[in-house]
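Here are my notes for your first look at this one. Keep the 3D view open and tick off each point as you go.

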Amino acid sequence: MKAVAYHQSLPIDNPQALQDVQLDAPTPGPRDLLVEVKAISVNPVDTKIRRNVAPEAGQPKVLGWDATGVVKAVGSEVTLFKVGDEVAYAGAINRAGANSELHVVDERIVGRKPSSLPFAEAAALPLTAITAWELLFHRLQVAEGSADQGQSLLIIGAAGGVGSILVQLARQLTGLTVIGTASRPETQAWVRELGAHHVIDHSKPLNEELARIGIANVTHVASLTQTDQHYDAIVEALAPQGRLALIDDPLQPLDVMKLKRKSISLHWELMFTRSLFETADMIEQHRLLERVADLVDAGTLKTTLGEHFGTINAENLRRAHALLESGKAKGKIVLEGF
């Protein structure tokens, strides 16, 4: 089967950073689906692993943790899906990625593809939807419901992949006042379009930007990028007994003692945790992807596709990695078909 992989960690401007390869088709395990991949999207985790994780000796490493496709075969213990089903999922970080014609994935972390979206638009959603949903409802423990309880959510990096779906979830499913940050006119417009009540510029002091819109403190912060650079401002902006959740990898250690005076709680979100450890509640990712598909089909949520980069091949994936590494991506980059 066709796939895109790498043999050594290289800068993305090196033509060998990602290569077109031929691999044997995988065989599904008892709880696995064998999926014919139709479309993929690219996430920061792809670039981080390519740069920092060397493949096993002599073995090409396939990236890709967002896919839509059609089920071609099922394992002996599969109960949630059948051959012919159209599915969407993010996969598991400790298994081969989905940048390949065929892919195996545990059914417990797979959802149906929204019927109202083509494969490419649906491929933009799984990883970021899981991350945003778990961050908002499981880590920050925000309650669903439209009642205004005087709570607010500051999303730092709201125009990126996770931010683009988090803004929608928070605005559509909760009573939070949603404040997104973005630094360029086009990304600020994007965040407003997604439903943020306010948009501020994270290239300027956050306290000044919050004061500009008349907000003294926020009760929740989702820090999606450059947490170490904004950390002191986040602590200042959070109300006493507030909650901070983050997903990035700060380059500098965070001083948790700064949270004590306000009794601020700190929460990490990694959407791969459930599949990595096969937790007892691993099937929650299947359930939330099914819920997301329902919300998309109802018109409550929309795809966060930002750019379509064409066919799934090494050249196009190198372009996608380069754009992500530039920090200028808006929404999600998708590729479709081999």
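1. Start with the largest pocket and turn to α1, because that helix gives the biggest share of the pocket's lining: 6 residues. Bear in mind throughout that you're looking at a predicted model.

2. Now find the other helices around that pocket. Besides α1 (44-52), at least two lining residues each come from α3, α4 (161-173), α7 (227-237) and α10 (314-326). If you want a place to aim your view, P44, K48, L224, T225 and D248 are the lining residues nearest the pocket's centre.

3. How much space lies in the largest pocket? About 1500 Å³, and 48 residues line it. By type, the lining divides into 19 nonpolar, 19 polar and 10 charged residues.

4. Next, colour the chain by domain. The assignment gives domain 1 (2-127 + 273-336) and domain 2 (144-269), so look for two separate stretches when you pick out domain 1. Their centres, taken over C-alpha atoms, are 27 Å apart. The largest pocket draws on both: domain 1 and domain 2 each give at least three residues to its lining.

5. Have a look at where the domains meet. About 1300 Å² is buried between domain 1 and domain 2, with carbon and sulfur atoms giving 60% of that area. Which three residues supply more than any others of the area that domain 1 buries against domain 2? They're L301, K302 and K330, which together supply 37% of it.

6. Don't mix up the pocket with the cavity. Searching the whole structure for cavities of 30 Å³ or more turns up 1. The largest cavity has a volume of about 60 Å³. Its lining is made of A88, R112, P114, A122, L125, P126, A129, L289, V292 and A293. Two elements give two or more residues to that lining, α3 (126-139) and α9 (284-297), and α9 has the largest share with 3 residues.

7. What kinds of residue line the largest cavity? The count is 9 nonpolar, no polar and 1 charged. Try setting that beside the 19 nonpolar, 19 polar and 10 charged residues of the largest pocket's lining.

8. Finally, a word on the record. An unreviewed UniProt entry lists residues 16-335 as "domain: Enoyl reductase (ER)". Over that stretch the chain is 32% helix and 24% strand, and the C-alpha atoms at its two ends lie 19 Å apart.

Definitions and conventions: Residues are numbered from 1 along each chain as its sequence is written. This is a predicted model: local features need pLDDT of at least 70, side-chain atom pairs count only at pLDDT 80 or more; totals for chains, interfaces and linings use all residues. Side-chain values use heavy atoms; hydrogens and water are left out. UniProt positions are given in the numbering used here, feature names are shortened, and annotations may be inferred rather than shown by experiment. Helices (H or I, at least four residues) and strands (E, at least two) are DSSP runs, numbered from the N terminus. On a 1 Å grid over the protein atoms alone, a cavity is a set of points where a 1.4 Å probe fits but cannot get out, and a pocket is an open set with protein on both sides within 12 Å along at least five of seven lines; lining residues have an atom within 4 Å of a point. Grid points are joined across faces, edges and corners, and a volume is the space filled by probe spheres set on the points. Ala, Val, Leu, Ile, Met, Phe, Trp, Tyr, Cys and Pro count as nonpolar, Asp, Glu, Lys and Arg as charged, and the others, Gly among them, as polar. Domain bounds come from an automatic or database domain assignment. Buried area is the accessible area (1.4 Å probe) that two parts lose on being put together, summed over both.
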